[in-house]
Amino acid sequence: MERTSFQSEPVDFNGLALSYSPALLLDGRLGAAITDDPGFREWCEEGFRVACWAMEELASLGHLPYSRDAIVDFVRGNVFDLDDEGGGFMPRLAEHIGFALGGLSAIALV
């Protein structure tokens, strides 16, 4: 079932309620083969929400959640570790890119 509106629940980061909106995404200059994929939008939102949650968790442990190394690891783990067998967390490229774009967009806001 594809979502038609983007009125998600706000996520909390250090007391700041962030609500996902496609307008918050960084300009990725991605081609239509990626952005027209049905899973792209959904995974952008999921990446945004997961990044906010992860930053909150890491900050509560005293770690800097948006250090250069953390961001590089995030991109490597979500774009470059594609599961060729199709049974992994996100087997499709558009979903990987959407998740990473959503996550990087959340990081850029804080």
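This report describes selected features of a predicted model.

## A nonpolar surface patch

Four residues, Leu24, Tyr66, Leu109 and Val110, make up a nonpolar patch on the surface of the structure. Together they present about 300 Å² of accessible area.

One member of this patch, Leu109, belongs to helix α4, which covers residues 93–109. Leu109 has a relative accessibility of 40%, and it therefore counts as partly exposed. The class of partly exposed residues lies between buried, under 20%, and exposed, over 50%.

## Cysteines and disulfides

The structure contains zero disulfides. Two of its cysteines may be described by their surroundings. Cys44 is classed as buried because its relative accessibility is 1%. Cys52 is likewise buried, since its relative accessible area is 0%.

## Asp37 between two helices

Asp37 is found in the loop that lies between helix α1 (32–35) and helix α2 (38–60). Is this loop residue, Asp37, buried or exposed? Its relative accessible area is 14%, so Asp37 is buried; the cut-off for this class is under 20%.

The side chain of Asp37 has a polar atom 2.8 Å from the backbone nitrogen of Gly39. When residues up to four places away in sequence are left aside, Asp37 touches Ala32, Arg92 and Ala94.

## Summary

The model thus offers two contrasting settings. Leu109 is partly exposed and takes part in a nonpolar surface patch. Asp37, by contrast, is buried and lies in a loop between α1 and α2.

Technical notes: Residues numbered from 1 in each chain as written. Predicted model: local features only at pLDDT ≥ 70, side-chain atom pairs only at ≥ 80, totals over all residues. Heavy atoms only, no water. Patch = residues over 30% accessible without salt bridge, like charges linked within 9 Å, V, L, I, M, F, W, Y side chains within 5 Å. Areas by Shrake-Rupley, 256 points an atom, 1.4 Å probe, with all protein chains shown as cover. Salt bridge = Lys/Arg side-chain N within 4 Å of Asp/Glu carboxyl O. Helix = DSSP H or I, 4+ residues; strand = E, 2+ residues; numbered from the N terminus. Buried < 20%, exposed > 50% of the residue type's maximum accessible area, 1.4 Å probe, protein only. Disulfide = S-S within 2.5 Å. Polar contact = N/O pair within 3.5 Å; in protein donor to acceptor, adjacent residues only side chain to side chain. Contact = heavy atoms within 4.5 Å.
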